Amino acid sequence: MARVVCALVLVLVALHAVFGDSIGDMLYMYPCSSTEEEMVWNFDSTTGQIISQSGYCVEIRDSSTADGGIIQLNTCAGSSNQRWSHDSSSYWAPFLSALDSLHCVDISGPDSNPGAYIHSWSYLGLDNQLWHYNAENGTIVSKLENYCIKAGELVIPTCLDTPFNTYVYCDDSLTPDERVADLLPRLTLDEKLAMVHGYGGAYAGTVRGNANWAIPTLTLEDGPQGVADGVTDVTCYPSALTVCATWDPELMREYGAAMAIEQLIKGTNIMLGPMENIARVPVGGRNFESVGEDAYLGGVYAKETIIGIQSQGVIATAKHYLDNNQEYDRTTVSAIVDDKTQHELYLSHFRNAIDAGAGAVMCSYNLVNGTWACENDAALNHLLKDEMAYKGFVMSDWGATHSVGSANAGLDMEMPGSDYFGTSLANAVADGTVPESRIDDMATRILRSSFAAGLFDRVNTGNIGAYARSAERDAFTKTLAEAATILLKNSPALLPLITPNRIAVIGSVANDSPIVASYGSGYVVPPYVVTPYQGITTRVAQYGGVVKYDNGDSLVEAAALAATCDVAVVVVGCTSSEGADRDSLKLGNNQDELIRAIIDAQPNTIVVINSPGAVTMPWIDDVSSVVEMLMPGQEDGNALASILFGDVNPSGKLPVSFPVSDDETWLTTKSQYPGVDDVQYYTEGRYIGYSWYDSTGKTPLFSFGHGLSYTQFDYTQLMTSPSLISFALTNNGTRSGAEVAQLYIGFPASAGEPVKLLRGFQKVFVPAGQSVRVSFNIDRASDLTYWDTVSQQWVEATGTFLVYVGSSSTDIRLNGKFFL
């Protein structure tokens with residue numbers, strides 16, 4: 001062990017110049033050295049402030065008076081959480097917080113190893129709470145081991161360093177399981193317990209590393225659609241639902257990789273995404289970052305995005321497990337879901353995530369069938385770890401841990417702190433409530449994912465303050481937005497625009513208040529936004545046209561402007577946020593009235609919508625063209641202009657159904673949504689979205705999978721079998737373009753399935769006037785099976801299967817069948 005400590009000191013000395021103390025830095029314990037400025041403090045006995053050499057004050061974050069409160073550096077403000085009392089008349093004395101005079105500076109554990117974590121705890125007079133302030137050199141010395149408090153980054157060696165490069169577990173030619181098998185027996189119980197909870201810091205979550213064994217610090221950061229949490233100098237990509245609207249697996253994978261690259265630059269090694277919840281509730285506040293309404297499409301997105309993320313050496317986190325499909329009362333509501341629905345709809349895409357090798361799963365705030373998701377033995381142990389053979393680790397959503405017993409129920413890591421998995425968990429192991437074998441399993445899962453991502457085998461050179469953007473990723477953002485843009489209506493064919501002389505661009509969303517992203521933990525700060533007005537103006541300048549703008553505040557003035565132009569582009573939108581569902585599917589803010597006024601004044605009107613999901617359109621019968629962009633990201637205006645002028649042929653398809661009205665959906669009772677007395681029943685079963693429309697015969701405003709093109713695609717020559725479906729796709733128009741061909745399968749009645757289910761799709765580019773043969777390979781084990789609740793297994797259906805191939809869930813061009 002002594003060799004390791006010496007190696008650590010050498011690493012610290014070598015890297016000292018790289019890491020200075022700064023806002024948000026944590027405090028740790030190291031061998032005393034007054035030559036390191038991060039270890040030199042000025043204790044002002046008058047103000048009670050402990051001030052670093054960079055002028056920051058030691059504080060208890062969030063003014064917490066709970067045991068385990070995070071101690072960090074921040075700008076000196078003189079607040080009570082930054083004031084401390086210390087009895088200098090005694091050689092060893094506590095630093096007591098002025099918050100309540102009961103909590104003091106404490107060494108977590110107590111851990112006497114270098115890098116031990118400093119936090120606040122109720123004063124008990126223990127050696128790990130007693131300190132000597134050496135006024136001569138400014139060090140704060142612990143009575144426990146005569147080590148000193150140090151601020152800044154916890155620098156951890158890697159398997160590249162001596163002596164670790166000689167240890168078996170640092171041999172990167174071994175499998176992650178083989179490496180864990182060698183490392184785990186070397187760890188003490190305290191070292192394993194230190195891995196299973198958060199510590200706070202500059203990231204959304206941090207788990208401190210272990211310098212004794214080169215176990216890397218884990219840095220967790222939102223979000224599912226880019227680097228979030230208010231971090232700047234990053235790319236604001238289109239939202240996850242928008243990327244689902246591309247129906248393009250290759251772009252989904254590139255999207256995952258692009259986000260992970262920026263997370264790496266920022267120092268993140270665990271990305272808190274993708275978000276994989278189903279858009280069960282049309283007004284759901286987080287639908288913008290969901291996978292849409294269909295398990296198959298959502299599963300493809302989950303798999304491809306995770307592969308992309310983890311291709312860059314970042315651990316992906318599949319969230320939120322399980323049944324977290326609304327924001328209303330999300331922290332208290334219990335989702336009552338039957339076994340068949342759970343397996344076929346709400347677990348399906350998590351199965352894809354596991355197949356993709358997701359290193360982490362995040363459990364959700366809500367209860368599942370009466371038990372908190374993060375302490376739900378049936379959901380975590382039985383379904384996830386046993387039935388689906390998940391080998392990674394489960395972390396809680398932030399504050400979603402409710403008891404020490406969560407460990408036995410399958411939770412592996414508490415985030416973001418240690419309310420239950422700190423001292424309380426250690427006590428539970430000591431008294432036998434939680435077996436040490438369970439701690440071994442928790443540590444094994446975390447280590448396995450860390451080895452698989454290569455975290456032991458490289459130095460984390462990223463920094464949360466680093467500049468992470470690039471011109472290449474800015475351009476990719478535009479490509480994504482273009483590929484996801486959905487042409488909902490074009491009759492008569494007003495689009496694409498052919499050099500109109502005068503264009504009126506109307507609506508505050510077009511320029512004054514653009515909507516390109518929704519809010520919450522997944523919100524990414526855009527480095528810039530190209531507004532629709534700016535994008536159209538730049539494009540029109542290529543041929544010398546004129547663009548006029550009106551924000552639409554005055555309907556009369558906006559209509560008058562529209563009437564003087566050749567065409568009007570009305571840009572409208574709405575947004576949503578984590579923590580609350582939308583009140584309605586209506587656009588709101590008088591925008592429907594604005595659209596009506598412009599339509600009445602200008603027959604050549606195009607409506608462009610930026611929205612987090614479905615919206616209603618009471619004016620739809622009276623407008624020629626409607627373009628839906630969902631949440632397009634920072635390149636909004638440029639992508640829109642490319643579509644409007646035909647530089648790019650639209651090929652996006654809806655990942656959710658658009659209802660005609662708020663009250664015409666599958667959620668017909670309050671017990672379904674939002675729930676009654678914090679209980680909601682998923683009595684609609686599998687019948688949401690297009691499955692509900694198929695079963696009821698009702699017609700949506702726009703169907704799942706719908707999206708038009710500037711060319712005409714014909715489907716012919718269908719061939720069917722239980723293993724392969726193929727057909728000819730012909731572009732009979734004058735423009736080259738891409739079509740998303742969709743395969744739906746109707747099961748034999750004995751399977752108890754909806755009328756038809758999506759079982760394949762391909763985005764195919766076809767030059768004008770040409771044909772291609774499109775084939776769908778059928779995986780009988782996944783595509784033709786259903787969950788049997790009696791035998792508790794997947795069963796292959798037998799009988800006659802109906803085949804539907806088309807351009808949307810309602811635009812079916814070819815019908816066939818096969819027998820099994």
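What share of the 820 residues of the chain counts as buried? In this predicted model, the figure is 61%. The secondary structure comprises 19 helices and 37 strands.

The overall dimensions were examined next. The C-alpha trace spans about 90 × 65 × 50 Å along its principal axes. The radius of gyration of the chain is 29 Å. A compact globule of 820 residues would have a value near 28 Å, so the chain agrees with that expectation. Contacts were then sorted by separation in sequence. Among those between residues at least 6 apart, 72% join residues at least 24 apart.

The surface and the charges complete the overall picture. About 28200 Å² of the chain is exposed. Carbon and sulfur atoms supply 50% of that area. The side chains include 46 positive and 93 negative ones. The centres of these two sets lie 7 Å apart.

Backbone geometry was considered next. Most peptide bonds are trans, and most residues other than glycine have a negative phi. Against this background, two cis bonds and two positive phi values are described here.

The peptide bond from Met-415 to Pro-416 is cis. Its omega is near 0 degrees. Pro-416 sits in a loop that has a helix on either side. Helix H10 (406–409) comes before this loop, and helix H11 (423–430) comes after. A cis bond also leads from Ser-491 to Pro-492, with omega near -5 degrees. Here the flanking elements are strands. Pro-492 is located in the loop between strand S22 (486–490) and strand S23 (502–506).

Ser-101 has a positive phi, near 60 degrees, although the residue is not glycine. The residue belongs to the loop that links strand S7 (95–97) to strand S8 (103–107). The relative accessible area of Ser-101 is 47%. Buried requires under 20% and exposed over 50%, so Ser-101 is classed as partly exposed.

Asn-369 is another residue other than glycine with a positive phi, in this case near 50 degrees. Its loop lies between strand S19 (367–368) and strand S20 (371–372). The relative accessible area of Asn-369 is 42%. Asn-369 therefore also counts as partly exposed. Both Ser-101 and Asn-369 are thus found in loops between strands.

Notes
Residues numbered from 1 in each chain as written. Predicted model: local features only at pLDDT ≥ 70, side-chain atom pairs only at ≥ 80, totals over all residues. Heavy atoms only, no water. Helix = DSSP H or I, 4+ residues; strand = E, 2+ residues; numbered from the N terminus. Rg over C-alpha atoms; globule rule 2.2 N^0.38 Å. Buried < 20%, exposed > 50% of the residue type's maximum accessible area, 1.4 Å probe, protein only. Contact = heavy atoms within 4.5 Å. Areas by Shrake-Rupley, 256 points an atom, 1.4 Å probe, with all protein chains shown as cover. Lys, Arg positive; Asp, Glu negative; His and termini not counted. Charge placed at Lys NZ, Arg CZ, Asp CG, Glu CD.
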